Amino acid sequence: QANDGLRSTMSRSKIARGLCFDPRVRLIIVDIFDTLIFRRAICERRRHNMVAQIAITDPRVSHCRPEAICRARKVAQDIAYRELEISQRRGEVRLEDVIRLQIALLGLPEGLSPIFLAAEVAVEKRVLLPNAALICQIGVWRRSGFRVVGLSDTGLSRSDLLSVIDDVAGH
């Protein structure tokens, strides 16, 4: 089954390269997560625990147990996605909203959001790997005059996403 995924990726890559020779194509859109950068095989629960371990290094959070932080993160995320579904509004759940809910569930001051957000971004940078072949190909496309746009449906803000890309992919 892993070979099917590799074959599928190779097929998509071949199609993408072929489209670049079509004179009508001037814009290339690249999905960021799982295309430009890959997530190591680390489950969400473990990543949340890594975030908690970083967060508790701050004296204002050190009294919280990592398990409680992880549980609050899971509940906050579930609430945020359920609220989006019920409201039927368009868009994505923002990480800042999840963190705000998490902090409220932990009974911490809202002013601690930057600590948790920084921990989330630090963990993303630690668990992501660059797709070197695609990054190289994007360079070729850009030098050939194509406009390349990255697209992501993550909850990260634009500035946090750019920071992750810069650290992981080098651009």
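A residue is called buried here when its relative accessible area is under 20%, and by that cut-off Leu128 is buried, because its relative accessible area is 3%. The model on screen is a predicted one, and the tour starts from this residue.

**Stop 1: Leu128 and its surroundings**

Select Leu128, which you will find in strand β3 (residues 128–130). Then display what lies around this side chain: leaving aside neighbours within four places in sequence, Leu128 is in contact with Phe33, Ile37, Phe38, Arg39, Arg40, Val164 and Val168. If you add Ala41 to the selection, the C-alpha atoms of Leu128 and Ala41 are separated by 9.5 Å, although the two residues are 87 residues apart along the chain.

**Stop 2: from Arg39 to Glu124**

Keep Arg39, one of the contacts of Leu128, and select Glu124 as well, since the side chains of Arg39 and Glu124 meet in a salt bridge with an N to O distance of 2.7 Å. This pair links distant parts of the chain, with Arg39 in strand β2 (residues 37–39) and Glu124 in helix α5 (residues 113–127), 85 residues apart. The partners differ in their exposure: Arg39 counts as partly exposed at 28% relative accessibility, whereas Glu124, at 14%, counts as buried.

**Stop 3: helix α5 against helix α7**

Now show α5 together with helix α7 (residues 158–169), and you will see the two pack at an angle of about 30°, with their axes 9 Å apart. That angle makes α5 roughly parallel to α7, and α5 passes α7 in a right-handed crossing. To display the contact itself, select Leu117, Val121, Glu124 and Lys125 on α5, then Asp160, Ser163, Val164, Asp167 and Val168 on α7. Sorted by class, these residues divide into 4 nonpolar, 1 polar and 4 charged. Glu124 thus appears again, as part of this contact, while Val164 and Val168 were already listed among the contacts of Leu128.

**Stop 4: Arg73 and Glu120**

Stay with α5, but move to Glu120, whose side chain meets that of Arg73 in a salt bridge (2.8 Å, N to O). Arg73 lies in helix α3 (residues 66–87) and Glu120 in helix α5, so the pair ties together parts that are 47 residues apart in sequence. Are these two partners buried or exposed? Arg73 is buried, with a relative accessible area of 7%, and Glu120 likewise counts as buried, at 7% relative accessibility.

**Stop 5: helix α2 against helix α3**

From Arg73, bring in helix α2 (residues 44–55), which packs with α3 at an angle of about 125°, the axes being 9 Å apart. That makes α2 oblique to α3, and the crossing of the two helices is right-handed. On the α2 side, select Glu44, His48, Asn49, Ala52 and Gln53; these meet Pro66, Ile69, Cys70, Arg73 and Gln77 in α3. By class, the contact has 4 nonpolar, 4 polar and 2 charged residues.

**Stop 6: the remaining salt bridges**

A search of the whole structure finds 11 salt bridges, and some of these are still to be visited. Select Arg60 and Asp58, which form a salt bridge with their closest N and O atoms 3.0 Å apart. Arg60 counts as partly exposed at 49% relative accessibility, while Asp58 is buried, with a relative accessible area of 16%.

Key:
Residues numbered from 1 in each chain as written. Predicted model: local features only at pLDDT ≥ 70, side-chain atom pairs only at ≥ 80, totals over all residues. Heavy atoms only, no water. Salt bridge = Lys/Arg side-chain N within 4 Å of Asp/Glu carboxyl O. Helix = DSSP H or I, 4+ residues; strand = E, 2+ residues; numbered from the N terminus. Buried < 20%, exposed > 50% of the residue type's maximum accessible area, 1.4 Å probe, protein only. Axes fitted to C-alpha atoms, helices over the stretch in contact; angles between N-to-C directions. Parallel < 35°, antiparallel > 145°, perpendicular 65-115°, else oblique. Left-handed = near helix turned anticlockwise from the far one by under 90°. Contact = heavy atoms within 4.5 Å. Nonpolar A, V, L, I, M, F, W, Y, C, P; charged D, E, K, R; others polar.
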